[in-house]
Amino acid sequence: MMKISRRGFIKLSVATGVAAGIKGKPILTAFAENSNAVNKLAQGKWKSTTCQGCTTWCPVQVYVVNGRAIKVRGNPNSKAMEGKVCPRAHMSLQQVYDPDRIKVPMKRTNPKKGRNEDPQFVPITWDEAVDTIAEKMMELRKNQETHKYVTFRGRYTYMRDIIYDAFTKIYGSPNGISHSAICAEAEKFGAYFTEGFWDYRDYDLLNTRYVLLWGADPLASNRQVPRVLNVWGDVLDRAKVAVIDPRLSATASKADEWLPVVPGEDGALALAMAHVILVEGLWSREFVGDFIDVINKFSPGVSVQEDTFQEKYTYGVVKWWNMELMNRTPEWAQDITGVPAEQIRRVAVDFASNAPNVISWLAPGSAMQVRGAYSAMACHALNGLVGSVDNKGGTLQGMKVPANSIPKYDAYVDEIAAKGKKYPKMDQRGYKEFPALNLGVSGGGVVTNRAADSILNEDPYEIKMAIGYWNNFTFSCTGASRWEKALEKLPFFAHITTHPAEMTKFADIVLPAAHHKYERWGYVKSKANRYAYATMNQRVIEPLWDVRMDETEIPWLIAEKLAQKGYPNLFNYYQNEFQDPETGKKPTNGMEFTLSALKMFTQPIWDPALNNKGDKFQGWQDFQEKGVWNSDPYPFKEKWGNFGTETKMFEFYSETLKHALEKHAEKHTTDVDDIMKTCKFTVTGEHSFIPHYEPAFRWGEENEYPFIFFEHRSRLNREARSANCSWYQDCKDVDPGDEKWDDVAKINPVDGVKLGIKTGDKIKLISPTGQIECTAKLWQGVRPGTIGKCYGQGHWAYGRIAAKDFQKMLPRGGNNNELLPADYDRFSGSTARHGGVTRIKVERV
Amino acid sequence: MANNNSTKVIEQRADIYKLLSLLFYQPNHETAGYLKDLKELISDYMYSGIDFIDKMEKDLEKTSANANYLLVDYARLFVGPFNVLAAPYGSLYLDNERTVMGDSTIDACRQYAEAGLEIDVSFKEAPDHIAVELEFLYYLNYRYLETNELMYLVKQGDFLHGHLGFWIDHFTKAVLKNSNTDFYVNLTVITQNFIKEDMQFLKEFADNNFSVEL
Amino acid sequence: MPNYAMVIDLHKCTGCGACAITCKNENNVQEGFFWSNYVHKTTGEFPNVRFEFMPTLCNHCEDAPCVKACPVGAMYKDKNGITLHDPEKCIGCKSCMIADPYGVIYFNKERPHKFWNSSENAIHNGTSSGKEVADKAGAPIPYYNPEREKTYAGIRPQGIVEKCTFCDHRVKDGEKPYCVESCPAGARIFGDLDDPHSEIIYLISKHGAKQLKAELGTKPKVFYIRSY
């Protein structure tokens, strides 16, 4: 409702009259005087903010005319992206102005939950919505059941700790459960257990001479798309590019070599390349070292005495050779991977000959597989063999971004909360079958997709209530139907969301979220082009609807309500500990709280008295306008001999993994061999600690399910949140092999003939755990015997473009996650969505 | 140049526009005061204006028994978000081709800006809301009185012709058809009548003044 | 007077589609219309497969068949060598479309931007409609670019054709066409064909260039260099 809210409004009376104002200032309610208004109107302004359409997290600017966002460009102040954005960035205009956005809080009036139940949402006030949530939370507190509450986090900014950590813990639950394991944890595993770095790598594309891409499609997706788009022409001029991908991807279509590996057999390919590099004597003498007599003794099938080799910055190269590599010839790999031995040899030799200015670029495609942990290690280990780790033209870690963490909250945790948060987290991390070895710690990482089973089986305990934000697990997790069941069972669920997503359909309360790029405050950290950076999410336009910020304003509102209902600790923490660093003022509302927190977190960046690295600012205002802080460029070779591993060396024999697995086994009073078996691996003993061959694991028997199914990402996906944009659908065929306004399964024409299926036929894909319908596309860019399909379409909710019929809940195509079984790379906790995790059969509809 | 007599008229017109604008906000405890002010002013300016306001005042009294009485009608008519029955936005009534080609809201904002105004950051409604357009006319009168520059009266005529004066009839029709309260029926009718008469007044005023100058 | 032309470096082009999307953004182009467009083809047999991508747009031909075909002079060459269209004169006869060998002219059979004029919603009371968003944002489409109005209809009404203008509204202010500006790969270069020192002349002479359907004698001014 439109209220007269202008402060200082003079109450009218007959005696004074409005015209009394004429002697002084005019009394304005809707307007403000501004003699410069015409110029503002005509010129518009580029305002800095951040695009989080994918995890590149680009510093961008939005052109705002008259309060409307009109265009997007890369932030010219960014040294990582150099002012570029990818096509996704522009599409966000259709997200923020999407008529299908939730515009008011809603509650469900149909108590029955289910995919085919209409929730019968009705609008309610923010007060009622927040009151309902707080009431439920107080009920759990009363019964000392606070641990039965969960915060499900999806995409996030670094304001996250306010809701994910402090909110959850001060309330009394251990259950901040993130989405990370459905994203890409598996590839971090590869880097961690070789070079001790649990993160994504950066790449020195300017100086590289060979790029070997493992299931990576950097022209299309994660993690530095604009940077790659920008320099790729030059990279192709200077370097060779080889792409390992079962599909002719966007990047493969411009590459020198395409190695269409049988899905899930990437590891075998990497091992064969390592074999070639050693046999041909192409390893880095500078990094790995050499035989003492300088004569290469790596000869196929022949083991080598360890003491004949003097290693420099690596650990266990001879062990690796003796235990694994000596028999991993290209001929051996050829039959397994479907890639000719000759090509494997050629690529390996080319790659290593250009070393050390080369990149073995590991991405989720080659890592998020049931046995992907060891593939990830093998692919990344190639960088170790040729000395391209932390080297010019190679793969890099990142500079530190100076930022403050959240203030301590221990003093605000009361007895009930303390008891509640001591429970183990609900996602089964650290179970014998889910080591989730983030940073080498058993249960150190999340097992996101397991949370559904946890709810369904009440294992480790019952869950009664959850708040989810910026997530859509019912759509984005493999084995998606389990999530539907789990949310049916969950007694109370509040969803903070921009759109009526699949997960929203199961919500009791729906809260409209501010859009990350246009309507909120926050900041994120990322890196590319040797620069780490911090970029701010800023409110560049006034929201059209009454939306709130998920990570700050909403927890503030709930904290206020909890205080009214008798538990003031959270509110006190927010109010006392988040004072504006410039004025010392305590926040009095959610917006002030948000800005105070943001200023606090980023003070080491913008405060000239504190910052002595990278870009310098005059103060908060200056940082806000520029929008991005850049580090100094990353220096080469400084990690050599000082890696974060047990041995400080780059480990081919991973003492770090050995330590982690032994600790995990010890915790479950068993041995590593048992853990290996439990986690679906095939080897025993010392093999567990080196990158070794594991055959691809697949669901379904070949005789019943003749095709290997694999999926990939779209260059237009904003993490499956852009399918409701008409620009997405109009241009969907920029993904090689795909079609506009459709969702196609790409089938090799040879198989099409066998099946009697032609392009345009409606087909059903059936796996042992699910089935979906979509359109057939006969295309030469996939291997016979495999079927590839892009992720992102198949929404049965989300909006009227994303879904074929929103009211009838009919999807446009089919969601791959309904086809894919819920399986895991258990060592990282990661969801195993790649590597041909399931076989399928195809039927005509 | 305006003489004392015309100054008084302009002041009254400013006041009326401002009060009408305020009355198109959500009703509150000050609504009665605005009505009282309006009653004083309108009698000099508009035939039978007082009768309309009497009906409004009577209707307003019902809010003492039921605080939400007017609010409900206000929401149904003007707010929604659920099925707005008489949308108070200009762009909705302005002809389709014009909206597409010319963009009426942008044009309104341009006119505001040219008069040195921008929408206040705390104001959450569309810039072509009736309350905004009425307040704009108030402001133009204020500027005229302050500067004696005739262009501020010309601007009023232009704005009424291109915007509020153009769509007020359609809007009134929608309110008459859908309103359940005397209050909003009469408020809208007063507004419509006043605007129509004022457009005539502006025309004559401008003609006279220009002829004097010429 | 400059004679504007464009070079598209297919080697640099990554096929990302930003040109097609941002053109819609800049020129308020409706769903299904592509002033800036692309073609692609997959050739060969697994595993020896090639996927090629080629951005396309109005070629702004020196000898433009669409201009010749227009009976009312609505399609015309301006003094800068750009092929422009006057919506006031256009009678919607589609002669230009028939004459155009490149398929870059679109006809507004219906009222444009239906989506933003619709009052349908997804969840009654809980979500809005295209019309409501547009009204609230205060523009015919919420991200409507008013700058397009400087030289052309901001949105082209029903009953007439429309096409790429080389972003003449930007070019006249010294800016590059938006597809050039927003190409993240730097694959599009805009310049004066009559200026021997221009970058486009340099690139054309260095790499050699091909034009689409040059054999028709239309003298297209979009030049493709290198290969995808």
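Helices here are DSSP runs of at least four residues, and strands are runs of at least two, both numbered from the N terminus. Keep that in mind as you click around, and remember that this is a predicted model.

**Stop 1: chain A**

Select chain A and colour it by secondary structure. You're looking at 26 helices and 34 strands. Turn the chain around: along its principal axes, the C-alpha trace spans about 105 × 60 × 55 Å. A compact globule of 845 residues would have a radius of gyration near 28 Å, and chain A agrees, with 28 Å. Of those 845 residues, 69% count as buried. Now think about who touches whom. Among contacts in chain A with a separation of 6 or more, 71% are between residues 24 or more positions apart. Switch on the surface if you like: about 26,100 Å² is accessible, and carbon and sulfur atoms make up 47% of that.

**Stop 2: a helix inside chain A**

Select residues 569-577 of chain A, which form helix H19. Which residues of this helix are buried? They are Asn569(A), Leu570(A), Phe571(A), Tyr573(A) and Tyr574(A). Next, add residues 163-171, 553-564 and 590-606 of chain A to your selection. These are helices H4, H18 and H20, and the buried residues of H19(A) pack against them.

**Stop 3: some unusual backbone spots in chain A**

Here's a handy bit of background: most residues other than glycine have a negative phi, and most peptide bonds are trans.

Zoom to Asn529(A), in the loop between strand S21 (519-528) and strand S22 (531-539). Its phi is positive, near 55 degrees. Is Asn529(A) buried or exposed? With a relative accessibility of 9%, Asn529(A) counts as buried, since the cut-off for buried is under 20%.

Hop along to Trp741(A), in the loop between helix H24 (726-730) and strand S26 (744-747). Trp741(A) isn't a glycine either, yet its phi is about 50 degrees. At 25% relative accessible area, this tryptophan is partly exposed.

Then look at Pro460(A), which sits in the loop between helix H15 (451-457) and strand S18 (465-469). The peptide bond leading into Pro460(A) from Asp459(A) is cis, with omega near 15 degrees.

**Stop 4: chain C**

Hide chain A for a moment and select chain C. What you see has eight helices and 10 strands. Its radius of gyration is 19 Å, close to the 17 Å that the globule rule gives for 228 residues, so chain C is as compact as a globular protein of that length. Of its residues, 62% count as buried. The charges are worth colouring too: chain C has 28 positive and 27 negative side chains, with the centres of the two sets 2 Å apart.

Zoom to Pro47(C), in the loop between strand S2 (37-45) and strand S3 (48-56). Here's another cis peptide bond, running from Phe46(C) to Pro47(C), with omega near 0 degrees.

**Stop 5: where chains C and A meet**

Bring chain A back. How many residues of each chain are in contact? On the chain C side there are 62, and on the chain A side 64. Between them the two chains bury about 5,100 Å², with 60% of that on carbon and sulfur atoms. Within chain C, select Ile21(C), Phe46(C) and Tyr143(C): these lose the most area to chain A, together 15% of what that side buries.

**Last stop: chain B**

Finish at Ala67(B), in the loop between helix H3 (49-61) and helix H4 (69-79) of chain B. Ala67(B) counts as exposed, at 65% relative accessibility. Draw a distance to Asn28(B): the two are 39 residues apart in sequence, and their C-alpha atoms are 9.5 Å apart in space.

Conventions
Residues are numbered from 1 along each chain as its sequence is written. Chains are lettered from A and ligands numbered from 1 in the order in which they are written. This is a predicted model: local features need pLDDT of at least 70, side-chain atom pairs count only at pLDDT 80 or more; totals for chains, interfaces and linings use all residues. Side-chain values use heavy atoms; hydrogens and water are left out. The radius of gyration is taken over C-alpha atoms; the globule rule is 2.2 Å times the number of residues to the power 0.38. Buried means under 20% relative accessible area, exposed over 50%, partly exposed in between (1.4 Å probe, protein chains only). Contact means heavy atoms within 4.5 Å. Accessible areas come from the Shrake-Rupley method with a 1.4 Å probe; for residues, only the protein chains shown count as cover. Buried area is the accessible area (1.4 Å probe) that two parts lose on being put together, summed over both. Lys and Arg count as positive and Asp and Glu as negative; His and the chain ends are not counted. The place of a charge is taken as NZ of Lys, CZ of Arg, CG of Asp or CD of Glu.
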